[in-house]
Amino acid sequence: MSHGPRSGLAAVSSALLAMSRHLEVRDVLKTIVASARELLDAQYAALGVPDDHGGFAQFVVDGVSDDQWKAIGPLPRQHGILAAMLNEATPQRLADVRRDPRFEGWPSAHPDLVDFLGLPIRDGDEVIGALFLANKRCPKPEGTCGFTEDDEDLLGILAQHAAIALTNARLYERSRELTIAEERSRLAHELHDAVSQKLFSLRLTAQAAARLVDRDPSRAKGELQQVAALAAEAADELRAAVVELRPAALDEDGLVATLRTQIQVLDRAHTARVTFTGHGVRALPAAQEEAVLRVAQEALHNALRHSGGDHVDVTLDRRGGGAVLRVSDDGGGFDPRAVRGAGRHLGLVSMRDRASGVGGRLTVESAPGKGTTIEMEVPGG
């Protein structure tokens with residue numbers, strides 16, 4: 001963030017657009033406090049979302065380093081000035097917060113706050129947060145507050161838009177949670193209908209084989225062959241059930257956003273660096289988008305579990321009316337000509353089938369010690 005004040009309609013517009021750009025609650029909160037601190041030229045800014053137990057479910061700060069924040073300790077409670085903003089739902093503009101009778105101190109590592117401007121964030125009659133700034137960067141005559149009435153009005157505008165952005169982010173996360181729950185329920189039904197009876201038959205056959213091993217080895221062998229056949233059928237039906245489940249995120253967010261989100265999760269979960277870039281890709285027919293996503297998932301799984309690389313790069317570029325997906329790693333690689341059996345193990349056969357099933361093609365470039373690149377091209381609609 002810059003250390004000079006920003007003023008004018010363009011600055012306000014920039015702050016409001018930044019708030020509306022994010023959908024995750026945590027990202028929205030961080031954007032609100034950073035925008036408020038920069039716009040009003042304050043040294044510190046914070047936003048607390050209350051819980052139902054006298055504390056804060058989330059508390060985001062700007063202007064405090066990570067080390068300072070760790071040294072400060074646990075999240076604050078809803079007392080003093082913070083409680084006044086939440087319970088009375090009134091603005092608080094103070095020349096010196098430390099001299100207010102409601103002030104109850106702060107931890108030793110806490111930065112020294114002097115002049116203070118705070119506002120509740122309201123969604124209708126409900127107070128959903130408290131936004132405050134401290135230590136305005138400006139000359140302050142003795143006993144006066146650096147924050148002005150104009151600052152209070154401006155922060156009020158930000159607070160109103162913050163309420164909209166925060167409410168939208170909460171609704172988005174809730175809808176995603178419901179979608180995930182619905183998808184899990186649907187998957188459970190699919191698996192029960194398609195696989196459970198097959199597994200039940202497999203268990204009975206295995207039990208019969210166990211009883212026959214000593215007294216009739218020949219029949220036991222036949223039963224074990226039947227076990228193998230039933231297991232293969234169950235695996236095929238399980239795979240078919242999973243394949244038929246179109247990822248709900250594709251319908252809601254589109255291919256690029258879904259890929260970006262999944263890759264961000266993988267990047268956090270694995271030691272290898274996982275990156276994504278997308279360039280000018282238009283919406284594709286549903287079948288093409290699902291095929292691209294499934295191939296990307298399979299290729300990422302292979303790269304992260306088997307390649308041993310430090311970096312996996314995923315790109316999705318527009319090509320004509322369609323798109324080309326490329327998943328590259330810097331891992332151990334392999335000889336594509338010598339992996340007929342390994343090709344099935346690595347999912348290359350299923351990836352090729354997915355590509356050809358939507359009129360596309362899949363190519364694999366790899367060599368021992370040279371990493372692997374899997375490229376899938378699909379046409380548009």
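# A guided tour of the predicted model

Among contacts between residues at least 6 apart in sequence, 63% join residues at least 24 apart in the protein chain. The model is a predicted one. Display the whole chain to begin: it has 381 residues, of which 40% count as buried, and its secondary structure comprises 11 helices and 10 strands.

**The five-stranded sheet**

Select strands S1 to S5. They form an open sheet with antiparallel pairing, in the order S2-S1-S5-S4-S3. At the edges are S2 (56–62) and S3 (92–94), each of which pairs on one side only. Direction ignored, neighbouring strands of this sheet are turned by 10° against each other on average. Next, restrict the view to S4 (residues 116–123) and S5 (residues 126–136), which are joined by 8 bridges in the antiparallel sense. Arg-122 can serve as a marker here, as Val-127 in S5 stands opposite to Arg-122.

**The helices across the sheet**

Add helix H2 (residues 25–40). H2 lies across S1 (42–50), S2, S4 and S5, and runs at about 40° to S2. Then add helix H4 (residues 80–87), which lies across S1, S2, S3, S4 and S5 at about 140° to S5. How many residues of H4 are buried? The count is 7 of 8, and the helix is mostly covered. The buried residues are Gly-80, Ile-81, Leu-82, Ala-83, Ala-84, Met-85 and Leu-86; their cover includes S1, S2, S3, S4 and S5. Just after the helix, select Ala-89, whose phi is positive at about 55°.

**Salt bridges within short reach of sequence**

The structure holds 16 salt bridges. Select Asp-96 and Arg-99, whose side chains form one with an N to O distance of 3.6 Å. Asp-96 counts as buried at 16% relative accessibility, whereas Arg-99 is exposed at 67%. Move on to Glu-290 and Arg-294, another salt-bridged pair, with the closest N and O atoms 3.9 Å apart. These two residues are separated by about one helical turn because they lie 4 residues apart in helix H9 (residues 286–307). Glu-290 is buried at a relative accessible area of 15%, and Arg-294 is buried, also with 15%.

**The S9–S10 hairpin and a charged network**

Select S9 (residues 361–366) and S10 (residues 372–378), which pair in the antiparallel sense over 6 bridges. They form a hairpin with 5 residues between them, and Gly-369 in the turn has a positive phi of about 80°. On S9, the covered face holds Leu-362, Val-364 and Ser-366, while Arg-361, Thr-363 and Glu-365 lie on the uncovered one. In a regular strand, side chains alternate between the two faces of the sheet.

Thr-363 stands opposite Glu-375 in S10. Glu-375 in turn forms a salt bridge with Arg-326, with the closest N and O atoms 3.0 Å apart. This pair links distant parts of the chain, as Glu-375 is in S10 and Arg-326 is in S8, 49 residues apart. Glu-375 counts as buried at 16% relative accessibility; Arg-326 is partly exposed at 24%. Extend the selection to Asp-317, Arg-319, Arg-361 and Glu-377, which belong with Arg-326 and Glu-375 to one network of salt bridges that share partners.

**Asp-329**

Finish in S8 (residues 322–329), where Asp-329 is located. Which side chain of opposite charge is nearest to Asp-329? It is Arg-326, 12 Å away; Asp-329 is buried yet has no salt bridge. A polar atom of the Asp-329 side chain does lie 2.8 Å from the backbone nitrogen of Gly-331. Not counting residues up to four places away in sequence, Asp-329 touches Ala-303, Ser-307, His-311, Val-312, Gly-371 and Thr-372.

Methods. Residues numbered from 1 in each chain as written. Predicted model: local features only at pLDDT ≥ 70, side-chain atom pairs only at ≥ 80, totals over all residues. Heavy atoms only, no water. Buried < 20%, exposed > 50% of the residue type's maximum accessible area, 1.4 Å probe, protein only. Lys, Arg positive; Asp, Glu negative; His and termini not counted. Salt bridge = Lys/Arg side-chain N within 4 Å of Asp/Glu carboxyl O. Polar contact = N/O pair within 3.5 Å; in protein donor to acceptor, adjacent residues only side chain to side chain. Contact = heavy atoms within 4.5 Å. Pairing = 2+ DSSP bridges. Axes fitted to C-alpha atoms, helices over the stretch in contact; angles between N-to-C directions.
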